Amino acid sequence: MPLRILVGVKWVPNTQAVRIDPKTGTLIRQGVPSIVNPNDLAAVELALRLRDQHGGEVIAVSMAPPPAVKGLEMLLGMGVDYAYLFSDRVFAGADTLATSYVLAHGVKYVERERGKVDLLVFGQETIDSSTAHVPAQTASWLGWPYIYYARRVEVADGRVRVERVVEGYVEEYELPMPAVISVAARSFKPREVTLRGKLRAKTEKPIKIVSNKELGLDPRCVGLKGSPTIVAKVTYLPEVPRRKEVYRPRDARDGARWLLRKLLTDPETRDVILSALWGGSGAREG
Amino acid sequence: MPGRVECDKLCPEWPCESPEEFKGVWVVAEIVDGELAEASLQMLTPARRIAEKLGEPVTGVILGPPGSARHADELIKRGADEVLVAEHEELSEYYPEVYGEVIARLAAERRPSVILLAATARGREMAPYIANTLRAGITADCTDFEVDEKTRDVLMIRPPFAAIMLAYIRTPFRRPQIGTARPNVFPVPPRDESRTGRVERVVIEPPKPRARLVSRRRLGRRETPIEKADVIVAGGRGLGGPEGFKMLEELASLLGGVVAASRKAVDAGWIEPERQVGLTGKTVKPRLYIAVGISGSAQHMVGVREARRIAAINIDPEAPIVEQADYTVVWDYRELVPALIEELRKLKEEGPRYLEELLKGEVVEIKPGGEA
């Protein structure tokens with residue numbers, strides 16, 4: 001049975017590229033490029049594998065400003081069939097609840113255009129805020145069952161089987177479809193973008209940009225207005241006081257002995273080391 | 001503050017309720033393998049602080065199969081004023097929708113102003129579902145909480161961006177205010193034997209789960225999870241390859257500790273993701289954290305803020321870790337770690353005699369009652 005699989009993706013600033021100005025101690029955000037959230041690529045890969053196995057189509061969905069088209073083109077290059085970008089000024093400033101509201105209605109929109117959806121997959125969390133909220137919230141709006149941390153996924157007889165590892169257990173769940181699945185980070189190594197895929201993205205342009213006029217959502221339910229949480233203020237994380245003692249040794253042994261002397265005269269670390277070496281309380285009679 | 005909520009300005013999908021009608025701070029306690037999760041007990045620390053500022057009680061919430069009420073006492077002794085217990089055969093297995101739905105129903109009925117959950121795997125999965133079901137705001141991975149005494153809003157403080165900035169999140173019009181915090185961000189409150197409190201059993205009919213648990217088995221031999229270790233030896237990209245971790249393993253085992261890693265080492269496939277420390281990994285609180293070949297990015301260091309001491313071994317004297325560690329040795333780890341292992345072996349075998357030799361000429365801090 002062919003599957004229609006949607007993948008929710010986020011267009012995020014590449015936080016790895018953010019640097020701190022050494023003079024002012026402030027963030028340098030300028031020139032920080034945006035990318036498709038890296039964990040979402042594992043979700044895309046899972047969707048593509050299921051499609052390759054069962055037939056059907058993979059559709060990327062995202063709520064983002066227009067430049068995110070670039071990211072969606074990259075996904076098309078990987079082999080995604082279509083993409084929908086829900087983009088409107090009124091969506092700006094959304095927290096996770098307002099974001100999932102748009103995404104859930106976006107899923108319904110795609111269903112009206114293309115037919116029933118079997119699976120909605122997400123990446124584990126985003127690099128810019130890492131809340132992992134949106135998959136569960138979207139499932140809640142849609143009324144679909146959901147599961148997090150999937151590392152193996154199989155579909156058979158209209159049901160989906162998910163294996164996950166959480167806190168020391170391997171668990172296997174079976175969910176009826178449609179369902180929402182959030183994929184464990186690094187579980188599916190994303191395939192490369194192909195030239196053919198890139199070409200198709202450029203020529204066929206299978207990306208549809210949908211504004212709120214078409215989606216028809218109450219402006220009070222989206223963006224900043226539709227967000228119960230607001231950012232009241234932002235400050236820098238206070239520095240943890242540290243001793244900052246630095247030693248350039250003559251040789252490795254000298255360095256090792258310096259470090260041990262420090263650790264063994266420091267009441268914070270002395271006992272834990274001596275008790276590991278000698279057993280007991282660490283204060284052996286001597 | 002009456003008149004604060006203007007109903008016609010709110011999303012019609014949300015119930016329009018006045019925040020003043022909501023009272024109490026809830027802590028949802030997670031039970032794993034018949035035991036209260038330590039991470040849930042840790043949430044009693046911020047819960048008490050918030051509750052005292054608001055002048056409202058702390059309520060522990062327990063879901064589980066019959067018999068789960070036996071955990072209520074522990075919650076009370078560690079800071080809860082009362083405990084709600086929902087026992088049902090159908091709650092023997094955890095399903096996010098079922099647990100989420102039951103908690104949301106209880107909250108809709110009893111109207112707490114705050115709900116806190118530990119951001120364990122289950123907590124992260126279930127909390128946003130609860131929030132959405134209630135159309136309430138949620139803030140993940142809080143590192144601190146403040147109470148605005150004028151509005152009685154709880155400010156949920158979290159590192160949102162690149163682990164450098166702290167955002168203060170406010171939920172002005174909706175209740176309950178839901179927040180999660182990662183394990184080890186807050187301490188477990190001390191047990192106070194004199195504390196007493198009311199335990200209330202609630203009658204609930206959980207919704208039938210649509211998902212089905214097919215199998216569940218414990219993973220084989222488990223090392224100490226990094227979030228529980230007293231000593232952690234962590235490796236980063238500077239190790240240059242997976243072999244480096246063998247050396248760190250040896251050092252860690254001499255120190256009674258475990259091995260962990262930075263994101264870069266995990267991304268390179270040198271070590272399993274469960275060992276990752278930092279923003280996208282775990283938060284740890286060892287007495288001693290030894291960072292080997294780790295440059296010290298903000299995203300990594302946010303995971304070791306609670307470490308009592310940080311030692312670094314790095315060949316680069318300009319690496320950011322140098323400014324964030326207590327003790328740094330600037331040297332190639334390939335030579336320094338073996339030298340450390342050798343010194344520790346001698347210390348292990350020769351005992352206090354070697355300790356004396358090592359510390360010759362050092363001023364030793366003597367703890368009261370301890371001998372040095």
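Chain B is built from ten helices and 18 strands, and what you're looking at is a predicted model. Computed along its principal axes, that chain's C-alpha trace covers about 70 × 50 × 45 Å. Of its 372 residues, 59% count as buried. Its accessible surface adds up to about 15000 Å², with 50% of that belonging to carbon and sulfur atoms. Chain B also carries 53 positive and 59 negative charges, and the mean positions of the two sets sit 3 Å apart.

How does chain B divide up? The domain assignment splits off domain 1 (22–201) and domain 2 (226–360). Taken over C-alpha atoms, the centres of these two domains of chain B are 34 Å apart. They do touch, though: nine residues of domain 1 of chain B are in contact with 14 residues of domain 2. Contacts across the sequence show up in the chain as a whole, too. Take the contacts in chain B between residues at least 6 apart in sequence, and 64% of them join residues at least 24 apart.

Now let's zoom in on a few spots, starting with Pro206(B). You'll find this proline in the loop between strand E12 (198–201) and strand E13 (212–218) of chain B. Is Pro206(B) buried or exposed? With a relative accessible area of 4%, Pro206(B) is buried, because anything under 20% counts that way. And which residues does it touch, once neighbours within four places in sequence are set aside? Pro206(B) is in contact with His88(B), Glu90(B), Leu91(B), Val98(B) and Val102(B). Glu87(B) makes a nice reference point here: it is 119 residues from Pro206(B) in sequence, while the C-alpha atoms of the pair are 9.8 Å apart in space.

Next up is helix H6 of chain B, which runs over residues 244–254. Its buried residues are Gly244(B), Phe245(B), Leu248(B), Leu251(B), Ala252(B) and Leu254(B). What covers them? From chain B itself, the cover includes strands E14 (231–235), E15 (258–261) and E16 (288–292), along with helices H7 (263–267) and H9 (333–350). Chain A joins in as well, since helix H8 (270–278) of chain A is part of what covers the buried residues of H6(B). After H6(B) comes Gly256(B), which has a positive phi near 70°.

Another glycine worth a visit is Gly278(B), in the loop between H7 and E16 of chain B. Gly278(B) has 2% relative accessibility and counts as buried. Leaving out neighbours within four places in sequence, Gly278(B) is in contact with Arg182(B), Gln299(B), His300(B), Val302(B) and Gly303(B). Gly64(B) lies 214 residues from Gly278(B) along the chain, and 32 Å separate their C-alpha atoms.

That leaves chain A, which has eight helices and 15 strands. Its radius of gyration is 25 Å, well over the 19 Å that the globule rule gives for 286 residues, so chain A is more spread out than a compact globule. The C-alpha trace of chain A spans about 80 × 50 × 40 Å along its principal axes. Within chain A, 57% of the 286 residues count as buried. Its accessible surface is about 12300 Å², and carbon and sulfur atoms account for 52% of that. For contacts in chain A between residues at least 6 apart in sequence, 69% link residues at least 24 apart. As for charge, chain A has 42 positive and 33 negative ones, with mean positions 5 Å apart.

Note on methods. Residues are numbered from 1 along each chain as its sequence is written. Chains are lettered from A and ligands numbered from 1 in the order in which they are written. This is a predicted model: local features need pLDDT of at least 70, side-chain atom pairs count only at pLDDT 80 or more; totals for chains, interfaces and linings use all residues. Side-chain values use heavy atoms; hydrogens and water are left out. Helices (H or I, at least four residues) and strands (E, at least two) are DSSP runs, numbered from the N terminus. The radius of gyration is taken over C-alpha atoms; the globule rule is 2.2 Å times the number of residues to the power 0.38. Buried means under 20% relative accessible area, exposed over 50%, partly exposed in between (1.4 Å probe, protein chains only). Contact means heavy atoms within 4.5 Å. Accessible areas come from the Shrake-Rupley method with a 1.4 Å probe; for residues, only the protein chains shown count as cover. Lys and Arg count as positive and Asp and Glu as negative; His and the chain ends are not counted. The place of a charge is taken as NZ of Lys, CZ of Arg, CG of Asp or CD of Glu. Domain bounds come from an automatic or database domain assignment.
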